[in-house]
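User: I'm new to this one and would like to go through it with you. Could you show it to me, and then I'll ask how each label was earned?

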Amino acid sequence: MNQAYYSGISGVMTHQYGLDVVSDNIANVNTVGFKGSTAEFTDLFTNLLVSAGSTPTTNDIGMGSRLQSTTTQMQNGTLLASDRFNDLAIGGNGWFGVVSGNDTYYTRAGNFVFDEYQKVAGDANSSVARLTTADGKYVTGTMLSNFAYNGSFDYGDFDLNGVTGAYVVSDPTDEVAMGTVGSQGILEFPTRIAYPVEPTTKAQFFGNLGTDNEKRTISADVVSANNERNRLSLSFTLSAVQPSGSVAWDVVATVTSNDGSVVYDTKSGQAIFDGSGGLSSFDIASMDNDGTAVEIDLGSGFDGVISIDGAAITGTSRSNGVSGGTLTKYGINSNGIIVADFSNGRQSAIGRVAVYHFQNDQGLNRAGDTLFQESTDSGNPIFWTDENGEAVAGALVYSGKLENSNVRLDVGLTDMIIMQRAYQASAKSITTGDELIQKALQMHR
């Protein structure tokens, strides 16, 4: 009778703990990135009825129950759509890393925000937006070194009112190597960043000049070092004196501003075509485009400009070079790579959000606020690698989405009913044991 009394007490305590766990799960059913817990019970030691000899059946009585552990439910929650690119979710295994001082935490909650910090004190144009949690912990990852702040950079060429000072991309890329876990740092998004001018160095021309005495003009856009889009024009006129067995065209090349108001360079030359119409020679090698030399390429043979009988084909051209651009928006792709989009249509990666993994996710210690910390049971954070040993995310990173709690409300309510009934039944064991003890005492009297 005494044992039933004490077993009932242990049952009440155990299921109270279980109800606490279930209640916490239900309370966080809409908490972004929350991982629910499961209460696991075990029995206490037993009391042998017979201490000597052997019997064909067991001869012990259990002494009650206790809470053995609470395990974290690691399945993914559903993804919720968001209209902010800095809201992130992981599709698969992995954790975002955040730091506060010397402490590092891991989370699945990607509802991140920005704070602003001036890298050069007092210079607002040197500001960067750091990706943080709502309570100010910094999200970690890899930042590239392919851009740097230039306090004298003239943003006026990019239609920002002549204000100087900006971060300037020096080596556009679309790849970001993660490096090691220990090399990860705080992610920073420059608020003023420019894609530099890449002046035109070569212009290629194509088309059929025909063989009649009509004037032909083929033009190409060329970008100057001053971020001006100028015009390189070639005017072809059939030469008055023709070489034997060949066709000669006089060429006047000019480089002007796009509206024609400024002439940067003018040269005259001659293009010679063989009897079949393929280009044999051209004597204008390059033109000055407001300080930058531009190579003129008419091709050779029949792979560029030709001169054969029949109707002339409209000339075409292509040239290298890129106009400078200003930041239009940031994005984060499915590999976690942070990409800056510029007004000239170009892009460049500047960093990458790190996705960490553990040998034993269940071993992580809860730190509150949907944060976890590594422990001896979880092991150290690692990066997954590909067949070449390069670090990979190991999961998709979704921008503009959030992972909701993985708690199922229907399961939680069912668990609550079970815990309630078990609690009541254990309490009944106590009252029943108490009644039996009272009856035994009355029998003694």
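**Strands, charges and a cavity**

Analyst: Let's start with one pair of residues: Gly97 stands opposite Tyr106 in β8. Keep in mind that this is a predicted model.

User: What makes β7 and β8 a pair of strands?

Analyst: Two strands pair if there are at least two bridges between them. Strand β7 (residues 96–100) and β8 are joined by 5 bridges, so they pass, and they run antiparallel. They also form a hairpin, with 2 residues between them. Gly101, in that turn, has a positive phi of about 65 degrees.

User: And what makes β8 and β31 a pair?

Analyst: Here 2 bridges join β8 to strand β31 (residues 371–373), and at least two are needed, so this counts as a pair. These strands run antiparallel too. One spot to look at is Thr107, whose bridge partner in β31 is Leu371. For the wider picture, the protein has 2 helices and 35 strands.

User: Why is the contact between Lys35 and Glu403 called a salt bridge?

Analyst: The rule asks for a side-chain nitrogen of Lys or Arg within 4 Å of a carboxyl oxygen of Asp or Glu. The closest N and O atoms of Lys35 and Glu403 are 3.0 Å apart, so the pair qualifies. Lys35 lies in the loop between α1 (2–27) and β1 (37–43), and Glu403 in strand β35 (residues 401–403), so the salt bridge ties together parts that are 368 residues apart in sequence.

User: How do you know that Lys35 and Glu403 are buried?

Analyst: Buried means under 20% relative accessible area. Lys35 comes out at 1%, and Glu403 is at 1% as well, so both get the label.

User: Which other residue forms a salt bridge with Glu403?

Analyst: That's Arg108, with the closest N and O atoms 2.9 Å apart. This pair also links distant parts of the chain, 295 residues apart: Glu403 is in strand β35, while Arg108 is in the loop between β8 (103–107) and β9 (113–118). Arg108 is buried, like Glu403.

User: What about Arg216 and Asp212: why do they count as a salt bridge, and is each one buried or partly exposed?

Analyst: Their side chains meet at 2.6 Å, N to O, which is within 4 Å, so the name fits. Arg216 has 18% relative accessibility, under the 20% limit, so Arg216 is buried. Asp212 has 36%, between the 20% and 50% limits, so Asp212 is partly exposed. Elsewhere, salt bridges that share partners join Lys35, Arg108 and Glu403 into one network. The count for the protein comes to 11 salt bridges.

User: How many cavities are there, and what lines the largest?

Analyst: There is 1 cavity of 30 Å³ or more. The largest cavity has a volume of about 30 Å³. Its lining is made up of Met178, Arg352, Val353, Ala354, Val355, Phe383, Val392 and Ala393. By class that gives 7 nonpolar, no polar and 1 charged residues. Arg counts as charged, so Arg352 is the charged one.

User: Last one: how do you know that the protein isn't a compact globule?

Analyst: A compact globule of 445 residues would have a radius of gyration near 22 Å, but this protein has 38 Å, so it doesn't fit the globule rule. Its C-alpha atoms fill a box of roughly 145 × 55 × 35 Å along the principal axes. Buried residues make up 41% of the 445 residues.

Terms used. Residues are numbered from 1 along each chain as its sequence is written. This is a predicted model: local features need pLDDT of at least 70, side-chain atom pairs count only at pLDDT 80 or more; totals for chains, interfaces and linings use all residues. Side-chain values use heavy atoms; hydrogens and water are left out. Helices (H or I, at least four residues) and strands (E, at least two) are DSSP runs, numbered from the N terminus. Buried means under 20% relative accessible area, exposed over 50%, partly exposed in between (1.4 Å probe, protein chains only). On a 1 Å grid over the protein atoms alone, a cavity is a set of points where a 1.4 Å probe fits but cannot get out, and a pocket is an open set with protein on both sides within 12 Å along at least five of seven lines; lining residues have an atom within 4 Å of a point. Grid points are joined across faces, edges and corners, and a volume is the space filled by probe spheres set on the points. The radius of gyration is taken over C-alpha atoms; the globule rule is 2.2 Å times the number of residues to the power 0.38.
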